[in-house]
Amino acid sequence: MAEKIVVCGIAGSLRAGSFNKMLLRAAGELAPAEMEIRPFGRMAEIPLYDADLEAKGAPEPVQALKRAVREAAAVLVCTPEYNWSVPGVLKNAIDWASRPPSETPFAGKPVALTGASPGAVGTARAQQHLRLVLASNGALVLPGPEVLVARCQEKFDASGKLADEATRRYLARLLEALAAAARRNLTTGR
Ligand code: FNR
């Protein structure tokens with residue numbers, strides 16, 4: 001059997017009814033058999049970045065995030081778009097994880113991006129900005145396939161399941177690409 005690929009799943013929204021949390025759950029269903037997506041569940045506990053706080057030692061939830069990313073073979077980010085960019089909650093968490101720069105767990109890590117929005121462009125602008133942020137951490141952000149879940153309120157059913165067949169296919173392809181990138185990384189020992 002192929003080696004298990006553990007993926008750290010990060011949702012960029014805190015709210016309970018988040019479409020992006022639903023998208024992350026859908027990814028768990030659609031992942032290739034050898035992939036296990038472990039949602040990081042402590043985003044709400046990460047304080048605002050403060051260098052004075054950092055000087056006393058990274059808060060425990062930050063350490064937990066760094067550990068979860070470090071121990072995973074790859075990362076999947078499901079993010080909303082706020083004001084055409086990355087939500088502060090997600091950017092703040094990445095800022096914390098990036099410290100100190102020599103220890104960012106994103107370095108050399110394959111990362112897949114996706115996102116859901118009720119709007120027409122399905123988080124395209126947020127994903128573009130997130131690419132840049134993660135590139136500064138040395139992450140290997142997959143160039144595609146792009147999965148932009150636009151008009152997301154029409155794509156999930158009342159139980160929160162991703163019901164749109166085309167979106168399910170695109171998401172499955174993205175996860176296949178992430179599995180391939182993680183396998184290459186495991187083989188080359190990056
Ligand atoms: C938004 N929303 C939004 N949507 C979008 O497509 N482009 C945008 O620039 C913004 N900007 C924005 C700013 C702020 C402060 C909020 C609160 C919301 C709408 C957003 O996509 C919508 O609330 C999603 O449902 C948020 O994702 P979750 O929480 O459902 O995962």
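This short report walks through the overall fold, the surface and the cysteines of a predicted model.

## Fold at a glance

Let's start with the building blocks. The protein chain contains 6 helices and 6 strands. If you follow the sequence from start to end, these elements come in the order β-α-β-α-α-β-α-β-α-β-β-α.

Now look at how the chain is packed. Of the contacts with a separation of 6 or more, 79% join residues that are 24 or more positions apart.

## Size and shape

How does the radius of gyration of the protein chain agree with that of a compact globule? A compact globule of 190 residues would have a value near 16 Å, and the protein chain has 16 Å, so the two agree. Along its principal axes, the C-alpha trace spans about 50 × 40 × 25 Å.

## Inside and outside

Buried residues account for 50% of the 190 residues in the protein chain. The accessible surface comes to about 9,300 Å², and carbon and sulfur atoms contribute 54% of that area.

Charges are worth a look too. There are 24 positive and 19 negative side chains, and the centres of these two sets lie 2 Å apart.

## The cysteines

A disulfide is a covalent bond between the sulfur atoms of two cysteines. How many disulfides does the structure hold? The count is 0.

Why is there no bond between C8 and C78? The closest cysteine sulfur to that of C8 is in C78, but it is 11 Å away, which is too far for a bond. C8 is buried, with a relative accessible area of 3%. C78 is buried as well, with a relative accessible area of 0%.

Note on methods. Residues are numbered from 1 along each chain as its sequence is written. This is a predicted model: local features need pLDDT of at least 70, side-chain atom pairs count only at pLDDT 80 or more; totals for chains, interfaces and linings use all residues. Side-chain values use heavy atoms; hydrogens and water are left out. Helices (H or I, at least four residues) and strands (E, at least two) are DSSP runs, numbered from the N terminus. The radius of gyration is taken over C-alpha atoms; the globule rule is 2.2 Å times the number of residues to the power 0.38. Buried means under 20% relative accessible area, exposed over 50%, partly exposed in between (1.4 Å probe, protein chains only). Contact means heavy atoms within 4.5 Å. Accessible areas come from the Shrake-Rupley method with a 1.4 Å probe; for residues, only the protein chains shown count as cover. Lys and Arg count as positive and Asp and Glu as negative; His and the chain ends are not counted. The place of a charge is taken as NZ of Lys, CZ of Arg, CG of Asp or CD of Glu. A disulfide is a pair of cysteine sulfur atoms within 2.5 Å.
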